[in-house]
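This report goes through a protein model residue by residue and element by element. It covers burial, packing and the surroundings of a ligand.

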Amino acid sequence: MKIIVADTSGQAFQHAADMIAEEIRGSQAPVLGLATGRTMENIYQLLVQQHEAGTLDFSGTTSFNLDEYVGLPPTDPNSYSHYMQEHLFSHVNMPAGQGHVPNGVAVDLEAECARYEAAIRTAGGLGLQLLGIGETGHIGFNEPPSAFDSRTRVVHLDDVTRRQNSGMFGDDPERVPERALTMGVGTILEARRLVLVAVGEGKAAIVDEALNGPISEAVSATAIRLHDDVTVILDEVAARIWHRNKE
Ligand code: F6R
């Protein structure tokens, strides 16, 4: 595992964006696994800048997002489908239909999960999978405990996560949907390459647990240590406790 500690969050975002851009340029038909949330907004902004500068072509790229809230249609400003349009898809030349997000309003959610897994397989599997980390240690929406061989499925969101994500819902955790669709830990581990990005003091304790703590299904992010091509990108404050505790 490669751990990069950047001096600033801006440098951490730049590093992640550069890795994604390299993946896109270095592959004939790149298949990206994408994430949402506050951390990723900054990374997408940098990718959009590269596209607008004429140095990054998304026309051959396919992407699969990690997760979506159950019950929110793509038109809902809080849906992850809407987020992806707003922060990436509408600004770059990825053909419509190549940016996949699970359908949180599917009539049959189980069938939607199976369809999503099959679509990833049909695309040739995930290449670079971008990951954030939640306060519960989740990657995607794999709340504790999540089996390391779990697949795309319906999950109940932890109260901690509903509070963490309440900013988009008028600071009211009760308005954050109770359920979501998420790629499983097993689905994520099958990506060829994992890139986890965490910045800010609020992430320091969970980053330490993920990197120094016992590998356990009680902290989904510890699963990345089982993968043989992982880059963790941190800023100095997010790295502080991990750095102090590492042997
Ligand atoms: C969202 C996702 C989550 C977030 C995590 C961190 O698609 O996969 O695991 O990456 O909750 O979110 P932020 O960046 O908002 O702190």
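## Burial, cores and ligand site

Ser81 counts as buried because its relative accessibility is 17%, and the cut-off for buried is under 20% relative accessible area. The model in which this holds is a predicted one. Ser81 is part of helix α3. Setting aside residues up to four places away in sequence, Ser81 touches Glu68, Pro74 and Val101.

Helix α3 spans residues 80-87, and its axis comes within 10 Å of the axis of helix α2, residues 38-52. The two axes cross at roughly 35 degrees. On the α2 side, the residues that meet α3 are Met40, Glu41, Tyr44 and Val48. Their counterparts in α3 are Tyr83, Met84 and His87. Sorted by class, the contact of α2 with α3 consists of five nonpolar residues, one polar residue and one charged residue.

The largest nonpolar core has 61 residues. Which of its residues touch the most other members? They are Ile43, Tyr44, Leu47, Leu88 and Leu130. Helix α1, residues 9-25, gives the most to this core, with eight residues. A second core, separate from this one, has nine residues, among them Leu72, Tyr80, Leu157 and Ala180.

Leu47 shows what such packing involves at the level of one residue. Apart from neighbours within four places in sequence, Leu47 is in contact with Ala17, Ile20, Ala21, Leu56, Phe58 and Leu88.

Helix α1 also holds Glu23. Is this charged residue buried or exposed? Glu23 counts as buried, since its relative accessibility is 17%. The side chain of Glu23 makes a polar contact with the side chain of Arg193, at 3.3 Å. Not counting residues up to four places away in sequence, Glu23 touches Pro30, Leu32, Gly127, Leu128 and Arg193.

Val155 is located in strand β7, residues 153-156. Val155 is buried, because its relative accessible area is 8%, and the limit for buried is under 20%. Beyond its neighbours within four places in sequence, Val155 is in contact with Phe141, Glu178, Arg179, Ala180 and Thr182. Val155 and Ile206 are 51 residues apart along the chain, and their C-alpha atoms are separated by 21 Å.

Ile206 is one of the buried residues of helix α7, residues 204-212. The others are Ala204, Val207, Asp208, Ala210 and Leu211. What covers the buried residues of α7 includes three strands, β1 (2-6), β9 (193-198) and β10 (230-235), together with helix α8 (236-245).

How many residues surround the ligand? There are 14, and the closest are Thr36, Thr39, Asp67, His138 and Lys203. The table gives distances from polar side-chain atoms to an oxygen atom of the ligand for residues from this group.

| Residue | Distance to a ligand oxygen atom |
|---|---|
| Thr36 | 2.7 Å |
| Asp67 | 2.6 Å |
| Lys203 | 2.7 Å |

For Thr36 and Lys203, the side-chain atom concerned is an N or O atom. For Asp67, a polar side-chain atom lies at the distance shown.

Key
Residues are numbered from 1 along each chain as its sequence is written. This is a predicted model: local features need pLDDT of at least 70, side-chain atom pairs count only at pLDDT 80 or more; totals for chains, interfaces and linings use all residues. Side-chain values use heavy atoms; hydrogens and water are left out. A nonpolar core is a set of buried Ala, Val, Leu, Ile, Met, Phe, Trp, Tyr and Cys residues joined through side-chain atoms within 4.5 Å. Buried means under 20% relative accessible area, exposed over 50%, partly exposed in between (1.4 Å probe, protein chains only). Helices (H or I, at least four residues) and strands (E, at least two) are DSSP runs, numbered from the N terminus. Contact means heavy atoms within 4.5 Å. Axes are lines fitted to C-alpha atoms, for helices over the stretch in contact, and angles run from 0 to 180 degrees between N-to-C directions. Ala, Val, Leu, Ile, Met, Phe, Trp, Tyr, Cys and Pro count as nonpolar, Asp, Glu, Lys and Arg as charged, and the others, Gly among them, as polar. A residue is near a molecule or strand if one of its heavy atoms lies within 4 Å of it. A polar contact is a pair of N or O atoms within 3.5 Å; within protein, one must be able to donate a hydrogen and the other to accept it, and residues adjacent in sequence count only if both atoms are side-chain atoms.
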